[in-house]
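Hi,

Here is the structure I promised to pass on. Have a look at it first, and my notes follow underneath.

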Amino acid sequence: MNDIATPVATPSGDLLSKFDQLIQTRETLLASGIEDPFSLVMEKVLSPTKAICNGRETILLGTYNYMGMTFDPDVLDAGKQALADFGAGTTGSRVLNGTYQGHKECEDALREFYDMDHAMVFSTGYQANLGIISTIAGKGDYIVLDIDSHASIYDGCAMGRAEVVPFKHNDIEAMEKRLRRIPEGAGKLVVLEGVYSMLGDVAPLKEMVAIAKKYGAMVLVDEAHSMGFIGENGRGVCEEQGVIDDVDFIIGTFSKSVGTVGGFCVSNHPKFDIMRLVCRPYVFTASLPPSVVATAATSIRKLRHGANKRAHLWENSKRLHQGLTDLGFQLGTSEPQSAIVAVIMPDLERGAMMWEGLLKEGLYVNLARPPATPANMTLLRCSLCAEHSAEEVEAVLGMFERAGKAVGVID
Amino acid sequence: MTEAEVDDRIRALIEPFNKKGVEIAEGTTFANDLEFDSLTVMDFVAEIEDEFDVIISMNQQAEIETYGQLVSAVHKLQDS
């Protein structure tokens, strides 16, 4: 990214000139001497909660590695074995030469985990949303979705060319009004998330799913940020709120609690299997490497029995939330609702300074900024891990206190 | 409802969003003249949807750049 520092005259017809304003904003920020929040390199990863970042030993508090499965010995062994037995990659689509024993076993593990009839594994979580949404909701259908939905959901809507009707975040009444206005006979899909990743808040799925059903809509819930630790069996917010049986499709990812990469959809729909032939982001890409599906399957099976880890993760989330509140930080939710604690910054400049201050203290959090954030907020997003020790959480609070005072975000 | 009546109602709805008191004409653009950001657009669209009991999908919103286009789109929608 060094080339950005040297301004060059823009030749006419340069299609990249539409990004000039963004380039300018970025240059201004970096010119103030701040370390680039979007070019961090982890030179060494010591554990699920510690790494060497830009030469410093750093506590990781922004990795979505909720259950700390990335270094689980059983998970690593399964991956190594599959790598040795099945090779580095499949070099093929799931519907051609890319379905190995491991892919079937991984889908079996998902079906058992969710107690559902069908499971379909995608190469990323992004592709799972992109593929399922674009395939089931096409031209003439209506998608009613929360305005704060993830980019992969919006991209799936755009790709399928359905009519997209957003409603105000977590607003039950606004959702119902829009469902009511959809023309008679049109296909309807309601898309919701269990936990919204920016503020870490939970959706009122119980009410929303009931309303969607009342209007004859199918329901898709993205449970990316809840798998493994919300709900009695870790199936997510729809399990916790008792509506999992009314949800038509659950989308999830392997890149958070599961600790590797990949995405999936589980469903009880009797015709679900046809998706494998008609879903383009599933068909026209290579399947996951054997080592990845082996680590995912092992991790998913272990997550089912992770009650102690779950309990510790919740303790961590509650302690961090309380501690930051006591220090005077403004948080995204007044109560801890998930393993995400979002700290609201007054503006991007102080957000970036605070982010850098924390990094120098030895703490990594996510800097989230518009347009990815709701209400154009700048956030320091913290995601806790079941492997963070109680001492680490206290150390984190000390770092927030020092950096917050230095930057003037708290008194 | 006639297009003139739709115009009157939308003119009243736009007032609280028109912070700089920009004069509203047919060709007034939401992005440049009124400087609506995505949040303002969402709130403003929700007001219109409630007032006229219609849906203006994001696909339709993408086609609407000026005040005149909005009035004619809403007029068409509430007729159908």
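Before the first helix I want to show you, one definition: the expected span of a helix is 1.5 Å times one less than its number of residues. Keep in mind throughout that this is a predicted model.

Now take helix 2 of chain B, residues 38–52. With 15 residues at 1.5 Å a residue, helix 2 of chain B should span 21 Å, and its end C-alpha atoms are indeed 21 Å apart, so the two agree. Which residues of helix 2 of chain B are buried? They are B:F44, B:V45 and B:E49. Looking down the axis of helix 2 of chain B, you'll find its buried residues within an arc of 140°, so they line one face of the helix. As a reminder, an α-helix has 3.6 residues a turn, so residues three or four places apart point the same way. Part of the cover over the buried residues of helix 2 of chain B comes from helix 3 (58–61) of chain B. Right after helix 2 of chain B comes B:D53, which has a positive phi, near 55°.

While you're in chain B, click on B:E3, which sits in helix 1 (residues 3–14) of chain B. B:E3 has 13 C-beta neighbours inside 10 Å, so it counts as partly exposed. Setting aside neighbours within four places in sequence, the contacts of B:E3 are B:V71, B:S72 and B:H75. For a sense of scale, B:E3 and B:D43 lie 40 residues apart in sequence and 22 Å apart in space, C-alpha to C-alpha.

On to chain A and its sheets. One is an open sheet of 3 strands in the order 13-16-15, with antiparallel pairing. Its edge strands are strand 13 (340–345) and strand 15 (366–368) of chain A, each of which pairs on one side only. From one strand to the next the twist averages 25°. Strand 13 of chain A runs antiparallel to strand 16 (residues 378–383) of chain A, and 6 bridges join them. Two pairs to look for there: A:M345 has A:T378 as its bridge partner in strand 16 of chain A, and A:V343 stands opposite A:L380. On the other side, strand 15 and strand 16 of chain A pair in the antiparallel sense over 3 bridges, with A:N366 opposite A:R381.

Two helices pack on this sheet, going by the contacts with strand 13 and strand 16 of chain A. Helix 12 (residues 307–327) of chain A packs on the sheet by touching strand 13 and strand 16 of chain A, and its direction makes about 20° with that of strand 13 of chain A. Helix 13 (residues 348–361) of chain A touches strand 13, strand 15 and strand 16 of chain A, and its direction makes about 35° with that of strand 16 of chain A.

How many of the residues of strand 16 of chain A are buried? The count is 6 of its 6 residues. Both faces are covered: A:T378, A:L380 and A:C382 are buried on one side, and A:L379, A:R381 and A:S383 on the other. That fits the usual picture, in which side chains of a regular strand alternate between the two faces of the sheet.

Strand 4 (residues 118–122) of chain A is mostly covered too, with 5 of its 5 residues buried. One side has A:H118, A:M120 and A:F122, the other A:A119 and A:V121, and all are buried. Strand 4 of chain A pairs in the antiparallel sense with strand 12 (residues 263–267) of chain A over 5 bridges, and A:V121 stands opposite A:F264.

Another open sheet of chain A has 4 strands in the order 1-2-3-14, with mixed pairing. Strand 1 (42–47) and strand 14 (363–364) of chain A each have a single partner strand, so one side of each is left without a neighbour in the sheet. Strand 1 of chain A runs antiparallel to strand 2 (residues 50–53) of chain A, joined by 4 bridges, and A:M42 has A:C53 as its bridge partner.

Last, where the chains meet: 13 residues of chain A are in contact with 11 residues of chain B. On the side of chain A that touches chain B, strand 6 (163–167) and helix 6 (172–181) of chain A each supply at least two residues. The residues on that side of chain A divide into 7 nonpolar, 1 polar and 5 charged.

Cheers

Note on methods
Residues numbered from 1 in each chain as written. Chains lettered and ligands numbered in written order. Predicted model: local features only at pLDDT ≥ 70, side-chain atom pairs only at ≥ 80, totals over all residues. Buried ≥ 20, exposed ≤ 12 C-beta atoms within 10 Å, placed from the backbone. Arc of directions from axis to C-beta. Contact = placed C-beta atoms within 7 Å. Pairing = 2+ DSSP bridges. Axes fitted to C-alpha atoms, helices over the stretch in contact; angles between N-to-C directions. Nonpolar A, V, L, I, M, F, W, Y, C, P; charged D, E, K, R; others polar.
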